Amino acid sequence: MTTTSTDVDVVLPCLDEAEALPWVLGRIPAGWRALVVDNGSTDGSPDIARALGATVVHEPRRGFGAACHAGLTAATGDIVCFCDCDASLDPALLEPFVREIRDGAADLVLGRRRPEGRGAWPAHARAGNLALARMLRRRTGLRLHDLGPLRAARRAELLALDLTDRRSGYPLQMVVRAADAGWRITEHDVPYRPRTGVSKVTGTWRGTWQAVRDMGHVLAEAPAERGLVR
């Protein structure tokens, strides 16, 4: 059974992804709305996205978290999905994620990236992700293997988490605060392909280190500081 509900928004943070956009937007499930959040592109990405039928949201503040949160606040669908805009992940894979949320089997569904093809996931980026997953396990007890960007949850509940990170720590903060709030979190394998274009975050050791540092700050937060209640 294919999910074709119109109350699903897919947030696609975008910084110079003109080459990847046609493939990514062509893989959005029928009836869903693509929200391309432009984070300062200079390659015509916003115009390409509009021409392909996407809704474009502009976020002038640089940062992965800033783009993701701008998309979340612009979303109107009951369920909001997130996916990278570089063609490394197939947004069509979100359909079973959405069914799981809709059926009440989970509150947050995450994609565990399984690299396919040479160069799909550089060794330094994979090592950083593994270290963070172990830190997350100690912090929350969650036995997750990945903190990847492919995910789905209900919009109202996501907004209630009051996410504040606007850099690379945003995906991790979402998981940490969801865990603190008692959400049911599940993880499923998804193929991870070599990205189109140049990575803005983990393509270099420096980028990976910055991402790990941002996420380390998130893990240092104490639940009591936020008074989270579900």
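Q: Hi! Quick one to start: is aspartate 107 buried or exposed?
A: Aspartate 107 is buried, with a relative accessible area of 12%. Keep in mind that this is a predicted model.

Q: Okay, and which side chain does aspartate 107 meet in a salt bridge?
A: That would be arginine 184, at 3.0 Å from N to O. Arginine 184 counts as partly exposed, because its relative accessibility is 41%.

Q: Where do those two lie?
A: Arginine 184 is in the loop between helix 7 and strand 7, while aspartate 107 is in the loop between helix 4 and strand 5. They are 77 residues apart in sequence, so the pair ties together those parts of the chain.

Q: How many salt bridges are there in the whole structure?
A: A search finds 10. One of them joins arginine 27 and aspartate 90, with the closest N and O atoms 2.6 Å apart. This pair ties together parts that are 63 residues apart in sequence, because arginine 27 lies in the loop between helix 1 and strand 2 and aspartate 90 in the loop between strand 4 and helix 4. Aspartate 90 is buried, at 13% relative accessible area, whereas arginine 27 is partly exposed, at 35%.

Q: What about aspartate 47, which residue does it form a salt bridge with?
A: Aspartate 47 pairs with arginine 50, and their closest N and O atoms are 3.2 Å apart. Both sit in helix 2, three residues apart, which is about one turn of the helix. Aspartate 47 is exposed, at 55% relative accessibility.

Q: New topic! How many residues are in the largest nonpolar core?
A: It has 33 residues, and those with the most contacts inside it are Leu108, Leu158, Trp183 and Ile185. Helix 7 gives the largest share of this core, six residues.

Q: What does leucine 158 touch?
A: Leaving out residues up to four places away in sequence, leucine 158 touches Leu72, Val80, Phe82, Ala153, Met174 and Trp183. Apart from that core lies another one, of 31 residues, including Cys83 and Tyr192.

Q: Tyr192 has a ring, right? What sits over the ring of tyrosine 192?
A: The charged end of arginine 113 does, 5.1 Å from the ring's centre. Arginine 193 has its charged end over the ring of tryptophan 23, 4.3 Å from the centre.

Q: And how many aromatic pairs does the structure hold?
A: Zero.

Q: Last one: which residues of helix 4 are buried?
A: Leu94, Glu95, Phe97, Val98, Glu100 and Ile101. What covers them includes strands 1, 4, 5, 6 and 7. After helix 4 comes glycine 104, whose phi is positive, near 80°.

Note on methods: Residues are numbered from 1 along each chain as its sequence is written. This is a predicted model: local features need pLDDT of at least 70, side-chain atom pairs count only at pLDDT 80 or more; totals for chains, interfaces and linings use all residues. Side-chain values use heavy atoms; hydrogens and water are left out. Buried means under 20% relative accessible area, exposed over 50%, partly exposed in between (1.4 Å probe, protein chains only). Helices (H or I, at least four residues) and strands (E, at least two) are DSSP runs, numbered from the N terminus. Contact means heavy atoms within 4.5 Å. Rings of Phe, Tyr and Trp (its six-membered ring) pair if their centres lie within 6.5 Å; planes under 30 degrees apart count as stacked, over 60 as edge-to-face and the rest as tilted. A charge sits over a ring if NZ of Lys or CZ of Arg is within 6 Å of the ring centre and within 35 degrees of the ring normal. A nonpolar core is a set of buried Ala, Val, Leu, Ile, Met, Phe, Trp, Tyr and Cys residues joined through side-chain atoms within 4.5 Å. A salt bridge is a side-chain nitrogen of Lys or Arg within 4 Å of a carboxyl oxygen of Asp or Glu.
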